[in-house]
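User: I'm new to this one. Could you take a close look at the sheet and walk me through what is around it?

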Amino acid sequence: CAALPMGFGWSLYFVQRVNETVMSSSDKLAHSTLINDDQRNVFFDPRSSELHHFVYVDNLGVFAMKESQALAVMSDLDSLFPERGLLLHEASCGSGRRESLGTILDCARHATMLTPKRFHRLYQGFRALLRRKRATGMAIEIIIGHCTFCSLIDRRLLSFFSATYKFIRECYQVNTRIWKSVR
């Protein structure tokens, strides 16, 4: 007998693993390196034909020094996923400065940054939260979730959220006790 522990988003976990498995079944990615959260930095050698790829839940990406390589892989994935009943978002391919998942990857400057649109949305979310002077745990959790995602660009910022998540958990526990006493 085995059980899945409570308090974890299993649907997200399974989507991630399924998409990683389907992507790894591509012959075109046989010699590719999966970029994941366990790695600090990924270096690209301009003389190499090495491929790198990532899976972020339902977002897939391929990094190659030659655009034709990336297009070949994306073409392969366009058939692999629908064969298994999994639909893909629209694909985009290019070099130089690219936008994906609310971030900008600037290959010429070797830099990654938030898009102005994502930064503005986060800023407006904070302003709205502070104007209210009160917030539910769920509202705070949503803002913190967006902050966590934005902090992936500079992982050192993630250390801040350790205390924040404890605070949110305590808010949920207090709210649960209040609702039980009201009933």
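Analyst: First, a bit of vocabulary: helices (H or I, at least four residues) and strands (E, at least two) are DSSP runs, numbered from the N terminus. Residues are numbered from 1 along each chain as its sequence is written. This is a predicted model, so local features need pLDDT of at least 70 and side-chain atom pairs count only at pLDDT 80 or more, while totals for chains, interfaces and linings use all residues; side-chain values use heavy atoms, with hydrogens and water left out.

A quick stop before the sheet: right after helix α3 comes K133, and its phi is positive, near 70°.

Now the sheet itself. It's an open one with three strands in the order β1-β2-β3, and the pairing is mixed. Two strands count as paired if DSSP finds at least two bridges between them. At the edges you'll find β1 (33-35) and β3 (59-63); each has a single partner strand, so one side of each has no neighbour in the sheet. On average, neighbouring strands here are turned by 25° against each other, direction ignored (the axes are lines fitted to C-alpha atoms, and angles run from 0 to 180 degrees between N-to-C directions).

How do the strands pair up? β1 and β2 (residues 52-56) run parallel, joined by three bridges, and L34 sits opposite H53 in β2. β2 and β3 run antiparallel, with five bridges between them; there, H52 has F63 in β3 as its bridge partner. The hairpin of β2 and β3 has two residues between the strands, and V57 takes a positive phi near 55° in it.

How enclosed is β3? Four of its five residues are buried, so the rest of the structure largely encloses β3. Buried means under 20% relative accessible area, exposed means over 50%, and partly exposed is in between (1.4 Å probe, protein chains only).

Finally, the rings. The whole structure has four aromatic pairs, one of them F54 with F63, which is tilted at 5.8 Å centre to centre and 35° between the planes. For a pair, rings of Phe, Tyr and Trp (its six-membered ring) need centres within 6.5 Å; planes under 30 degrees apart are stacked, over 60 edge-to-face, and the rest tilted. F54 is buried at 17% relative accessible area, whereas F63 is partly exposed at 26%.

Y56 and F149 make another tilted pair, 5.7 Å centre to centre with 55° between the planes. Since Y56 lies in β2 and F149 in helix α4 (residues 137-151), this pair ties together parts 93 residues apart in sequence. Y56 is partly exposed at 36%, while F149 is buried at 18%.
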